[in-house]
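Ready for a bit of practice reading a protein structure? Work through the exercises below one at a time, and try each task yourself before you peek at the solution.

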Amino acid sequence: ELIPFRNGDKWGFSDPQKTIVVHCEYDDAEPFTEGLAKVNKEGKWGLINSSGYLVLPCHYDRIQGFKEGLCAIIKDRKFGFIDKNGILVIPCQYDGSIHFQEGLAATVNNEKIGFINKKGEWHIK
């Protein structure tokens, strides 16, 4: 598992033996979870894999953690979900959301709370 480290004001990742694997090019970085790590460049968040490959470009205001294979992302104050390949599976269209649990995610839209499934369909309006 790679470990975030800082050199000056930039972040990268090393292995437990302190060998640099991902060079320090990010403004912020968080530990790996489920094989991916959140990285920040110029105020926007993205995801890298353990090889340092940018799976999700740094275009998002915030990225939450993965649960049940999906991760909530926020862009322009709207929530959506991506899979572990960085593919947008549910567009950024909701006013709020939390992670999936038992196949559903609590989601806010137009000041009302309901639950969506992993296809973005309303399960409970």
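**Exercise 1. Charges**

Task: How many positive and how many negative side chains does the protein have, and how far apart do the centres of the two sets lie?

Solution: Keep in mind that you're looking at a predicted model. Start with the counts: there are 16 positive side chains and 17 negative ones. Next, take the centre of each set; the two centres lie 3 Å apart.

**Exercise 2. The overall picture**

Task: Describe the protein by its helices and strands, its span and its burial.

Solution: Go through it in steps.
- Secondary structure: the protein has 15 strands and zero helices.
- Span: along the principal axes, the C-alpha trace covers about 50 × 25 × 15 Å.
- Burial: of the 125 residues, 38% are buried.
- Surface: about 7400 Å² is exposed, and 49% of that comes from carbon and sulfur atoms.
- Contacts: take those with a separation of 6 or more, and you'll find that 17% of them join residues 24 or more positions apart.

**Exercise 3. The largest nonpolar core**

Task: Which residues make up the largest nonpolar core, and which strand gives the most to it?

Solution: First, list the members. There are eleven: L36, W45, L47, V55, L56, Y60, I63, F66, C71, I73 and I82. Second, look at the strands they come from: β6 (44–49), β7 (54–60), β8 (62–67) and β9 (70–75) each bring at least two residues to this core. Third, pick the top contributor, which is β7 with three residues.

Now zoom in on one member, I73. Skipping residues up to four places away in sequence, I73 touches L56, Y60, R62, I63, K78, F79, G80, F81, I82, L88 and C92.

**Exercise 4. Two residues with positive phi**

Task: Where are D76 and R77 found, and are they buried or exposed?

Solution: Place them first. D76 is in the loop between β9 and β10 (78–83), and R77 lies in the loop between β9 and β10 too. Then check accessibility against the cut-off: a residue is exposed when its relative accessible area is over 50%. D76 has 59% relative accessibility, so it counts as exposed. R77 has 73%, so it counts as exposed as well.

Last, look at the backbone. Phi of D76 is near 55°, and phi of R77 is near 65°. Neither residue is a glycine, yet both values are positive. Here's the background you need: most residues other than glycine have a negative phi.

**Exercise 5. A buried strand residue**

Task: Is V22 buried or exposed, and what does it touch?

Solution: Find V22 in strand β3 (residues 20–26). Buried means under 20% relative accessible area. V22 comes in at 5%, so it's buried. Now list its contacts, leaving aside neighbours within four places in sequence: F5, G12, F13, I48 and G52. For a sense of distance, compare V22 with N49: they are 27 residues apart in sequence, and their C-alpha atoms are 9.9 Å apart in space.

**Exercise 6. An asparagine in a loop**

Task: Where is N117, and which backbone nitrogen lies 2.9 Å from a polar atom of its side chain?

Solution: N117 sits in the loop between β14 (112–116) and β15 (122–124). Being in a loop doesn't settle the burial question, so check the number: N117 has 18% relative accessibility and therefore counts as buried. The backbone nitrogen you're after belongs to K119. Beyond residues up to four places away in sequence, N117 touches I90, F100, G103, L104 and H123.

**Exercise 7. A glycine and a proline**

Task: Which is buried and which is exposed, G114 or P31?

Solution: Take G114 first. G114 is in strand β14, and its relative accessible area is 2%, so G114 is buried. Not counting residues up to four places away in sequence, G114 touches A105, A106, T107, W122, I124 and K125.

Then turn to P31, which is in the loop between β4 (28–29) and β5 (36–41). Its relative accessible area is 54%, so P31 is exposed. Setting aside neighbours within four places in sequence, P31 is in contact with P4, L36 and A37. P31 and H59 are 28 residues apart along the chain, with their C-alpha atoms separated by 19 Å.

Terms used. Residues are numbered from 1 along each chain as its sequence is written. This is a predicted model: local features need pLDDT of at least 70, side-chain atom pairs count only at pLDDT 80 or more; totals for chains, interfaces and linings use all residues. Side-chain values use heavy atoms; hydrogens and water are left out. Helices (H or I, at least four residues) and strands (E, at least two) are DSSP runs, numbered from the N terminus. Buried means under 20% relative accessible area, exposed over 50%, partly exposed in between (1.4 Å probe, protein chains only). Contact means heavy atoms within 4.5 Å. Accessible areas come from the Shrake-Rupley method with a 1.4 Å probe; for residues, only the protein chains shown count as cover. Lys and Arg count as positive and Asp and Glu as negative; His and the chain ends are not counted. The place of a charge is taken as NZ of Lys, CZ of Arg, CG of Asp or CD of Glu. A nonpolar core is a set of buried Ala, Val, Leu, Ile, Met, Phe, Trp, Tyr and Cys residues joined through side-chain atoms within 4.5 Å. A polar contact is a pair of N or O atoms within 3.5 Å; within protein, one must be able to donate a hydrogen and the other to accept it, and residues adjacent in sequence count only if both atoms are side-chain atoms.
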